[in-house]
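Subject: the model, plus notes

Hi,

Here is the structure I promised to pass on. Have a look at it first, then read my notes underneath.

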Amino acid sequence: MGGLTTYAVFFLTSVGIYAIVCLALNVQWGLSGQFNFGIVAFYALGAYTSAILTGPPSSTYLGGFGLPLPVGLIGGMIVAGLLGLFIGLICLNLRADYLAIATIGIAEIVRLFLKNEAWLTNGVRGVPGIPRPFFDSGYFELGYLALVLVLVVVVYLLIERARLSPWGRVLRAIRENEDTAAAAGKNVVGFRIQAFVFGAALMGLAGGLYAHFIGFISSEAFMPEVGTFLVWVMLIAGGSGNNRGAILGAFAIWVLWSGSEFVIGQVLPAGLTTQAGALRLLLIGILLQVILLTRPAGLLSEEGLYRRGRTAQADPKSHRRMVR
């Protein structure tokens, strides 16, 4: 493949992985109103678990199981889901701001654990040689892009089905007024734990996909700036509570994030190139403020989603037009 085509495939694969993380966060925040600011912990656990389960033997860290890719991805989902369950049992009775503080702390604990426990993760040296499917065929990039896009569609349909189910309606009721939901006989904590674990497992899936896509991971790849902050910007920009908005936000913000790297590289003097990362975060932060002021509900709002649904139910012709 040519250079431009290779970059386009890399770009779309990255967008697909981020889209899965955004959809997972939409389950936790968009549906149930849980302020998870420790996304990177679940993402990193999924990546390391899949790398360890599928990687080659090593004398310096745990690994060498050589299991197939699906087993590694499922293992990453299970480990991330177990961390979500642990957090849920001890923290999900906290209100939004306190839950955010708790998840930030737990995410930092996980990151430091992965960084310092060299016997398990090879520490700061990272885990090399992570198997890459389709590699021997010479079509790794295209094959992996197809795999990621298929998983994005599967995750989207799964979450959309959940959103429209009685389970999803209970989550939205808890998000709007948990006292009323509890008075109606719903187990508020139980439903919140279910949503949190579900989202955490999907974040672990995305982390596993990232590990096999890059082929090498280290603790430096899982910093809060790109593993948590950027995902929140994507979801808010796209439209919290709207699964299509989550995917759109992942695409739009990744375009800006990737494009800003080239622009800033051309604008900044050579002596200030080390400040490029901070400037990119500043630009994304300014963009977030603009979005909150101009379109507080995001590019695709949740209210618009419900409005289209009610219109389709009331007017069969409008439903046919929407389908077309």
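Below is what I found, going from the whole chain to the pockets and cavities and then to a few single residues.

First, the ground rules: this is a predicted model, so to speak of local features I need pLDDT of at least 70, side-chain atom pairs count only at pLDDT 80 or more, and totals for chains, interfaces and linings use all residues. Residues are numbered from 1 along each chain as its sequence is written, and side-chain values use heavy atoms, with hydrogens and water left out.

**Confidence**

The mean pLDDT (the predictor's confidence in each residue, from 0 to 100) is 87 for the protein, and 87% of its residues reach 70 or more. One stretch to treat with care is residues 312–324, where pLDDT stays under 50. For that stretch the model has 6 contacts (heavy atoms within 4.5 Å) beyond four places in sequence.

**Overall build**

The protein has 14 helices and 0 strands. Those are DSSP runs numbered from the N terminus, with H or I over at least four residues for a helix and E over at least two for a strand. Of the 324 residues, 48% count as buried; buried means under 20% relative accessible area, exposed means over 50%, and partly exposed lies in between, with a 1.4 Å probe and protein chains only. If you take contacts between residues at least 6 apart in sequence, 76% of them join residues at least 24 apart. The accessible surface (Shrake-Rupley method, 1.4 Å probe; for residues, only the protein chains shown count as cover) comes to about 15500 Å², and 69% of it belongs to carbon and sulfur atoms.

**The second largest pocket**

A word on terms. On a 1 Å grid over the protein atoms alone, a cavity is a set of points where a 1.4 Å probe fits but cannot get out, while a pocket is an open set with protein on both sides within 12 Å along at least five of seven lines; lining residues have an atom within 4 Å of a point. Grid points are joined across faces, edges and corners, and a volume is the space filled by probe spheres set on the points.

The second largest pocket has a volume of about 380 Å³. It is lined by 22 residues, of which F10, S14, Y18, Y210 and W254 are the closest to its centre. Helices α1 (3–31), α9 (188–214), α10 (224–238) and α11 (243–267) each supply at least two lining residues, and α1 gives the largest share, 6 residues. By class, the lining has 16 nonpolar, 3 polar and 3 charged residues. Here Ala, Val, Leu, Ile, Met, Phe, Trp, Tyr, Cys and Pro count as nonpolar, Asp, Glu, Lys and Arg as charged, and the others, Gly among them, as polar.

**Cavities**

How many cavities of 30 Å³ or more does the structure hold? There are 2.

- The largest has a volume of about 40 Å³. Its lining is A51, I52, G55, P56, Y61, L62, G63, V127, P128 and I130, which by class makes 8 nonpolar, 2 polar and no charged residues.
- The second largest has a volume of about 30 Å³ and is lined by V40, A41, A44, A107, V110, R111, L114 and F222. Helices α2 (39–54) and α4 (96–116) each supply at least two of these residues, with the largest share, 4 residues, coming from α4. The lining divides into 7 nonpolar, no polar and 1 charged.

**Single residues**

- L142 sits in helix α6 (residues 140–164) and is partly exposed, at 42% relative accessibility. L142 and F10 are 132 residues apart in sequence, yet 9.1 Å apart C-alpha to C-alpha.
- N122 is in the loop between α5 (118–121) and α6. N122 has a positive phi of about 70° although it is not a glycine, and at 7% relative accessibility it counts as buried.
- V188, in helix α9, is buried at 10% relative accessibility. Beyond its neighbours within four places in sequence, V188 is in contact with I174, E178, A181 and A182.
- F198 is also found in helix α9, and is partly exposed at 22% relative accessibility. Not counting residues up to four places away, F198 touches V27, L158, I159 and W167. The C-alpha atoms of F198 and G84 are separated by 8.2 Å, with their positions 114 residues apart along the chain.

Cheers
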